[in-house]
Amino acid sequence: MTRVAITGIGMIAPGGADTESFWQNCLAGHSVVETIPDSWRRFADYRSTLWAPLPQIDLRENGILKLDEMQLDRSAILALIAAREAIKSAGLSVALADERHGRFMIDEWENIRTSVVIGTGIGGVSSLIRNQGFHLLNNVASVNRGDVEMPHRFSPFAVPMSMPNAVPASVGIRFGLNGPCRTVCAACASGTIAIGQAYEQIARGETDVALAGGAEFAADPYGGVFRGFDVAGTLVSDCSDPSKANRPFDKNRSGFLFAEGGAAILVLENFEIARNRGAKIVAEVCGFAETFDANSIMAMDESGSQIEAAVRSCLDKARINSGERILYNAHGTGTVQNDRIEAEMIARIFGRRALVNATKSICGHTIGAAGAIEAAVLALSLSRGETHASVNLEES
C-alpha cells in the first residue's frame, strides 16, 4: 500500500473565514452562537432559536466571480474557496488557463493522476428552495414580496445548482482535474468518507493526488432546512443562555447547534511524490474504515456495535494499538443519545487513555462538512502539538 500524506488544508466555518482564523478560534475556545434570523420567524414558531452563522466572506478576494454566483449554489462556492486555500497551502503553483471563466491549471499536477472526492449531506438544497419559492410565490397576489426573500427570476441554472455532484464538479472544473470526480452523500459522515475514499484511491495506486473533504450550505431564505431538524427534535432545546447552549458530551446537553454551513478540503498526495517536490507534510493518513449499523434513518443503534467495529478496523488497518496515546476528535453532536453511545464506545476501546475533544462545540454541526472540518482540525493538532478543548463540557 502506498503511503498518503496531507500536504494542504483549506477551511471555512463558523468562527473562521480561513484555516488559520478558524484554528485560532478553536484554540481560544470561542463557540459561535447567535439568534436565528428574524425573517425565519415569519414562517414558523421554532423550539430552537439559535444557530452558528458563517463569517462574512469577501467572495472576490477568494477568487469567486459574479458568474460563479449566478451558476453555483453556495455549497459549491464554499468548496471552491476551501480548495483554493488548500492548494495554496500545499505550496502548489496555479496557472490561469481561462480568464473569462476563472479556470486554472496546477503546474505540478500536469502529468499526475488526480481525483476530486467531496462529501455533502444536502448539496444544493438552498438553491432548490430559493428557486421553488420564486416559482410558487412570484405570481401570488396575496403575497407581499417585501416579506419574502427570493431571486429576481427563476434561475436557468436551478437544476445543476441543486445537484449534490455540482460541489466536487465545480472544484474539478475550476482546477482542471480530469481524474475521478466523486460525490459522497452520507449525511454527517459525508466529509469523513470522502477523505477516506480519496485516501484509498491513492493507497491502492489508482491515483496520485486528490482534493478531498466536505462542503455544506444549510441555510435558506425561509428557514426550511432548520425547521426540518427542529421538528425532529435534534436541535438545542435549552436556549436560555446562548453561550452555554452548545455543549457536546456535557450532562446538560440538549441537542446540536445548527450551523449555516462550512467547508474543509485537504490535499492528499502519494507520500513519495509529496516528498520529492519538497512539500511540507502536515500529517499522514494511515487507515480508513466504515460500517453501517442498518438501524434507523434517524437514530444510531443503541449498542454502538458498528461504530466500534469501524474504529477497531481503522486502528487495525493503520497498525495502531488502542493502548497507545490517542487523540480522538469525536463526532460529538451534543444530542443526548448520540453522545452517550459514542462516549461508551470510546471507553470500551480506549478506556481513559484517549484525549477526546469535539470540534462541533466550536462551530456547531455543519452536516456534510463536519467530518472534513474535524479531520482538518485533527491534522493541525498533530502537526502543531496542541489542540482545543470541548467548549462547555462542565459535567460529564
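How much of the accessible surface of the chain belongs to carbon and sulfur atoms? In this predicted model, the share is 51%, out of an accessible surface of about 17,600 Å².

**The chain as a whole**

Let's start with the overall build. The chain holds 14 helices and twelve strands. Line up the C-alpha atoms along the principal axes and they fill a box of roughly 65 × 55 × 40 Å. The radius of gyration is 21 Å, and that agrees with a compact globule, because a globule of 396 residues would come out near 21 Å.

What about the inside? Buried residues account for 51% of the 396 residues. The contacts have a long reach along the sequence, too: take those between residues at least 6 apart, and 77% of them join residues at least 24 apart.

Then there are the charges. The chain carries 36 positive and 45 negative ones, and the mean positions of the two sets sit 1 Å apart.

**Two residues up close**

Now for a pair of residues worth a click in the viewer, S127 and D293. Here they are side by side.

| Residue | Location | Relative accessibility | Contacts beyond four places in sequence |
|---|---|---|---|
| S127 | helix α4 (residues 125–137) | 6% | D73, M161 and S162 |
| D293 | loop between β10 (283–285) and α11 (305–318) | 22% | M300, D301 and Q306 |

Take S127 first. Is this helix α4 residue buried or exposed? S127 counts as buried, because its relative accessibility of 6% is under the 20% cut-off. Its side chain has a polar partner: a polar contact of 2.6 Å links it to the side chain of D73. D73 also shows up among the residues that S127 touches, along with M161 and S162.

D293 is a loop residue, placed between β10 and α11. With 22% relative accessibility, D293 counts as partly exposed, since that label covers values between 20% and 50%. Which backbone atom does the side chain of D293 reach? It's the nitrogen of D301, at 3.1 Å. D301 is also one of the residues D293 touches, next to M300 and Q306. Of these, Q306 falls within the residue range of α11.

For a sense of how the loop runs, look at D293 and G304: they are eleven residues apart in sequence, while their C-alpha atoms are 8.1 Å apart in space.

Notes. Residues are numbered from 1 along each chain as its sequence is written. This is a predicted model: local features need pLDDT of at least 70, side-chain atom pairs count only at pLDDT 80 or more; totals for chains, interfaces and linings use all residues. Side-chain values use heavy atoms; hydrogens and water are left out. Helices (H or I, at least four residues) and strands (E, at least two) are DSSP runs, numbered from the N terminus. The radius of gyration is taken over C-alpha atoms; the globule rule is 2.2 Å times the number of residues to the power 0.38. Buried means under 20% relative accessible area, exposed over 50%, partly exposed in between (1.4 Å probe, protein chains only). Contact means heavy atoms within 4.5 Å. Accessible areas come from the Shrake-Rupley method with a 1.4 Å probe; for residues, only the protein chains shown count as cover. Lys and Arg count as positive and Asp and Glu as negative; His and the chain ends are not counted. The place of a charge is taken as NZ of Lys, CZ of Arg, CG of Asp or CD of Glu. A polar contact is a pair of N or O atoms within 3.5 Å; within protein, one must be able to donate a hydrogen and the other to accept it, and residues adjacent in sequence count only if both atoms are side-chain atoms.
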